[in-house]
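Thank you all for coming; I would like to walk you through one structure this morning, going slowly and keeping to what the coordinates show. Please have a look at the sequence and the structure before I begin.

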Amino acid sequence: MRKTRYGMAALAAGAALVLSACGGGGGNEGGGGEATGGGETVRIGIKYDQPGLGFSSGGQFSGFDVDVAKYVAKELGYTEDQIEFVESPSANRENMLANNQVDMIFATYSITDERKKTVDFAGPYFVAGQDLLVRADDNSITGPDSLNGKNLCSVTGSTSAQRIKDEHASNVNLVERPSYAECVTAMQGGQIDAVTTDDIILAGLAAQPNNAGKYKVVGNPFSEENYGVGLPKGTDKCADINAAINKMVEDGSWDEALKKNTEGVDYSYNTELNPPKPGEACA
């Protein structure tokens with residue numbers, strides 16, 4: 001039996017509504033069930049296609065979101081072999097929580113008032129900001145206001161590039177690609193001058209081995225995105241998860257994970273907003 005506040009609360013409640021899946025639940029759409037060792041599993045939603053944050057390759061999972069998720073799960077009484085990572089695309093996150101396909105989500109999931117109508121959030125565990133990725137030797141771009149006449153790339157369907165055009169540089173040329181990785185490839189080929197999205201996502205892209213030393217994050221964020229842990233509405237788990245996040249910050253594991261996943265790129269997180277200090281209640 002796990003001797004954590006989380007585990008005891010779950011047992012006292014007599015139901016595994018969040019963060020557990022009973023053995024024998026083979027019909028569960030999310031795939032929860034008994035772990036290899038015979039214990040309960042926890043299903044954690046992550047991105048599979050964001051290097052440095054949530055990335056899946058050959059059955060291995062890596063990134064800052066993954067490291068935070070593993071730390072929190074451990075504090076809640078779960079071993080790594082009891083974690084089942086589940087791909088959670090942005091458009092599906094609310095439904096996956098509502099339908100019990102996952103127990104919690106760490107997937108660059110910004111806390112917003114609109115989302116809080118249907119989802120609870122623990123955290124935040126990181127505060128990102130929209131920024132720009134440019135070539136390492138390009139000193140002409142210092143922020144969104146210096147993009148007039150430049151070619152700016154973002155992913156299809158994103159509003160981040162349009163926000164720059166509307167609010168900062170009306171003469172910027174917008175270019176769309178299916179993924180941020182393809183934006184970076186276009187920048188390497190000289191077709192674009194900058195890529196925009198959240199700063200830590202850009203840092204993760206630049207930290208990939210094939211991009212090492214080629215790019216830099218400008219370091220002039222112009223928005224505030226609070227990444228939270230998505231949970232089913234009505235959860236009573238925020239206090240335990242927030243305590244785990246605070247412990248991760250205090251013992252240095254948070255900073256270690258962030259540095260590991262952005263190693264080799266010119267990037268510094270916003271120290272005025274990070275590391276965050278979540279309270280006991282849901283955000």
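Let me start with a question: which residues in helix 6 are buried? Before I answer, please keep in mind that this is a predicted model. The buried residues in helix 6 are Asp-199, Ile-200, Ile-201, Leu-202, Ala-203, Gly-204, Leu-205 and Ala-206. That makes 8 of the 8 residues of this helix, which spans residues 199-206, so helix 6 is largely enclosed by the rest of the structure. The same reasoning applies to strand 7, residues 119-128, where 10 of the 10 residues are buried, so that strand too is largely enclosed by the rest of the structure. Strand 7 pairs with strand 13, residues 225-232, in the antiparallel sense over 7 bridges, and within strand 13 it is Val-229 that stands opposite Ala-122.

Turning to the interior, the largest nonpolar core has 54 residues, and those that touch the most other members are Ile-44, Phe-64, Phe-126 and Ile-200. Helix 2, residues 64-75, supplies the largest share of this core, with 7 residues. If we leave aside the neighbours within four places in sequence, Phe-64 is in contact with a list of residues including Tyr-125, Phe-126, Ile-200, Trp-254 and Leu-258. There is also a second, separate core of 11 residues, and among its members are Val-134, Ala-161, Val-172 and Phe-222.

Now to the aromatic residues, of which the structure holds 11 pairs. In one of these, the ring centres of Phe-61 and Phe-85 are 5.1 Å apart and the planes stand at 50 degrees, so the pair is tilted. Because Phe-61 lies in strand 4, residues 60-62, and Phe-85 in strand 5, residues 83-87, this pair ties together parts that are 24 residues apart in sequence. Phe-61 is partly exposed, at 25% relative accessibility, whereas Phe-85 is buried, with a relative accessible area of 12%. In another pair, Trp-254 and Tyr-269, the ring centres are 5.3 Å apart and the planes are at 80 degrees, so this one is edge-to-face. Trp-254 sits in helix 8, residues 253-261, and Tyr-269 in the segment after helix 8, so here the parts tied together are 15 residues apart in sequence. Trp-254 counts as buried, at 2% relative accessibility, and both Trp-254 and Tyr-269 belong to one aromatic cluster with Phe-64, Phe-106, Tyr-125, Phe-126 and Tyr-227.

Finally, the sheets. One open sheet has 5 strands in the order 10-9-11-8-12, with mixed pairing. Which strands stand at its edges? They are strand 10 (173-177) and strand 12 (215-217), each of which has a single partner strand, so one side of each is left without a neighbour in the sheet. On average, and ignoring direction, neighbouring strands of this sheet are turned by 30 degrees against each other. Strand 9, residues 151-155, and strand 11, residues 194-198, run parallel and are joined by 2 bridges, with Cys-153 standing opposite Val-195 in strand 11. Helix 4, residues 160-167, lies across strands 8, 9, 10 and 11, and runs at about 95 degrees to strand 8. Helix 5, residues 180-188, also packs on the sheet, where its direction makes about 155 degrees with that of strand 11.

Definitions and conventions
Residues are numbered from 1 along each chain as its sequence is written. This is a predicted model: local features need pLDDT of at least 70, side-chain atom pairs count only at pLDDT 80 or more; totals for chains, interfaces and linings use all residues. Side-chain values use heavy atoms; hydrogens and water are left out. Rings of Phe, Tyr and Trp (its six-membered ring) pair if their centres lie within 6.5 Å; planes under 30 degrees apart count as stacked, over 60 as edge-to-face and the rest as tilted. Helices (H or I, at least four residues) and strands (E, at least two) are DSSP runs, numbered from the N terminus. Buried means under 20% relative accessible area, exposed over 50%, partly exposed in between (1.4 Å probe, protein chains only). Two strands pair if DSSP finds at least two bridges between them. A nonpolar core is a set of buried Ala, Val, Leu, Ile, Met, Phe, Trp, Tyr and Cys residues joined through side-chain atoms within 4.5 Å. Contact means heavy atoms within 4.5 Å. Axes are lines fitted to C-alpha atoms, for helices over the stretch in contact, and angles run from 0 to 180 degrees between N-to-C directions.
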